[in-house]
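Q: Please take one part of this structure and go through it closely, then place it in the rest of the chain. Plain wording is fine.

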Amino acid sequence: MINKPTNFNRSLTIVNVLSLIVFVFILTGCGSSKSKKAESIKSPEKSWVGTWSTAPQLVEPHNNPPEPGLSNNTIRQIVRVSIGGEDIRLRFSNEFSKSPVTLKTVQVAVSTGGSTVDSTTIKTLKFDNKEEVIMNPGEAITSDAFSFDLKPRMDISITIYFGETSADVTGHPGSRTTSYILTGNKTSSTNFKDAIKTDHWYVINGIDVLVSNASAIAIIGNSITDGRGSGTNKQNRWPDILSERLLKNQNTKNTGVLNMGIGGNAVLKGGLGPTALDRFQRDVLNQHGVKWLIILEGVNDLGGTPNAEAANKVATGLIAAYEKMIDLAHAKNIKVYGATILPITKSFYYKDYREVARNTINDWIRNSGKFDAVIDFDKAMRDPNEPSTLLPDLHTGDYLHPNEAGYVMMGETVDLSLFE
């Protein structure tokens, strides 16, 4: 005999089914919560960190763009980043120009050498969701963020088709990297083979990446940091050597390097570009993700002193300036490393009283305890037989600027554990 289910049995069956559904739902919900929590642990919050930057200044007339110039023409500029990322944004500067500058189209792409690019990687930038933007005098602008497969130490091209530009130009003359200019709108060209070449950068200012667990080093300095004596298009300034070493070290591989050197720059007054004190907020404190600062600057201040009294005054002023920069950086939780000034004997800067002042400054850098650590470039680069002179095979011939081998020595002198 087959027993037919009663209404009571049906009710029990429905209750059991509902209970089972609720139980499964609870289990699933708990699993989802744990999964999301685990995912959160595995994926820390991302933040913007600088991967490349250069210090802008008013370009001297002899370093202005060659004919046909920038107005209504296209320039392709190459930079090498430090750390990589999947989302980036670019910054451009018209800070020192007296007239507006129009960027009609800006593109980035992977550089394949010289002026050529990988066409499959081209991305067109937007500014507030528009391709064309006008930079007013004294202004810097940042593009909208966009996806880009940026690899560590990758060379990328920044191609700009300009509208009207300013007669006086904001840029970075000491690029040690070749740029390419073509007439008209040539943004679609993958090869600028017939371009006018110039070894300067114009209006480009910085690149940030959106990443997790990464920080940057800002390096403020003069021509020795900017790379005078390094190889054109070789990207072998001492900050480049440092960047390559950081990337190869498991504990420091997520460290960006921002070269904020300006050739001929001074800390206190005079020199080329704004003084280190005047540009400190912009070039160090306003950079994204900076955790460490290296200061290697002061020799140009000493080089202009006419007598011992003036040299002693500059030494006192430099020490006060270092202390001010340390305090400002520490207020933003940035560690500050002092780098000693390289030897100057036999160079065009040498005078007995300047050497005395240099030693006074270096003694303070080493022994004052004000810096979080000291990078002793003076000790690493000097001739042991003539301690006030650069090693003969490490300078360009002027006994002041390191050559390519000298920059390798400097980059390898820096203790990587300072950035772990």
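A: In this predicted model, 3 strands make up an open sheet, ordered S2-S12-S15, with antiparallel pairing. Strand S2 (57-58) and strand S15 (201-202) are its edge strands, each pairing on one side only. Strand S12 covers residues 170-172 and is joined to S15 by 2 bridges, the two running antiparallel. Across that pairing, Gly171 is opposite Tyr202 in S15. In general, the strands of a sheet pair through backbone hydrogen bonds, in either a parallel or an antiparallel way.

This sheet belongs to a protein chain with 9 helices and 23 strands. The chain has 420 residues, and 52% of them count as buried. Among its contacts between residues at least 6 apart in sequence, 80% join residues at least 24 apart. The exposed area of the chain is about 19,100 Å², with carbon and sulfur atoms supplying 52% of it.

Next, the interior. The largest nonpolar core contains 78 residues, and Phe92, Leu103, Ile158, Ile160, Leu293 and Tyr322 have the most contacts inside it. Helix H6 (residues 308-330) gives this core its largest share, 10 residues. Another core lies apart from it and has 26 residues, including Leu246, Leu296, Leu390 and Leu416.

Two helices show how burial is arranged locally. Helix H4 (residues 276-285) is largely enclosed by the rest of the structure, because 7 of its 10 residues are buried. The buried residues of H4 are Ala276, Arg279, Phe280, Arg282, Asp283, Val284 and Leu285. Their cover includes strand S17 (215-221), strand S18 (255-261), S19 and H6; H6 is also the helix with the largest share of the 78-residue core.

Helix H9 (residues 404-413) has Gly406, Tyr407, Met410 and Gly411 buried. These residues lie on the same side of H9, because they cover an arc of only 135° around the axis. An α-helix has 3.6 residues a turn, so residues three or four places apart point the same way. Among the elements covering the buried residues of H9 are helix H2 (223-226), helix H3 (238-248), strand S19 (290-296) and helix H8 (377-381). S19 is thus listed in the cover of H9 and also in that of H4. Where H9 starts, a side-chain oxygen of Asn403 comes to within 3.2 Å of the backbone nitrogen of Ala405.

Key
Residues are numbered from 1 along each chain as its sequence is written. This is a predicted model: local features need pLDDT of at least 70, side-chain atom pairs count only at pLDDT 80 or more; totals for chains, interfaces and linings use all residues. Side-chain values use heavy atoms; hydrogens and water are left out. Two strands pair if DSSP finds at least two bridges between them. Helices (H or I, at least four residues) and strands (E, at least two) are DSSP runs, numbered from the N terminus. Buried means under 20% relative accessible area, exposed over 50%, partly exposed in between (1.4 Å probe, protein chains only). The arc is that of the directions from the helix axis to the C-beta atoms. Contact means heavy atoms within 4.5 Å. A polar contact is a pair of N or O atoms within 3.5 Å; within protein, one must be able to donate a hydrogen and the other to accept it, and residues adjacent in sequence count only if both atoms are side-chain atoms. Accessible areas come from the Shrake-Rupley method with a 1.4 Å probe; for residues, only the protein chains shown count as cover. A nonpolar core is a set of buried Ala, Val, Leu, Ile, Met, Phe, Trp, Tyr and Cys residues joined through side-chain atoms within 4.5 Å.
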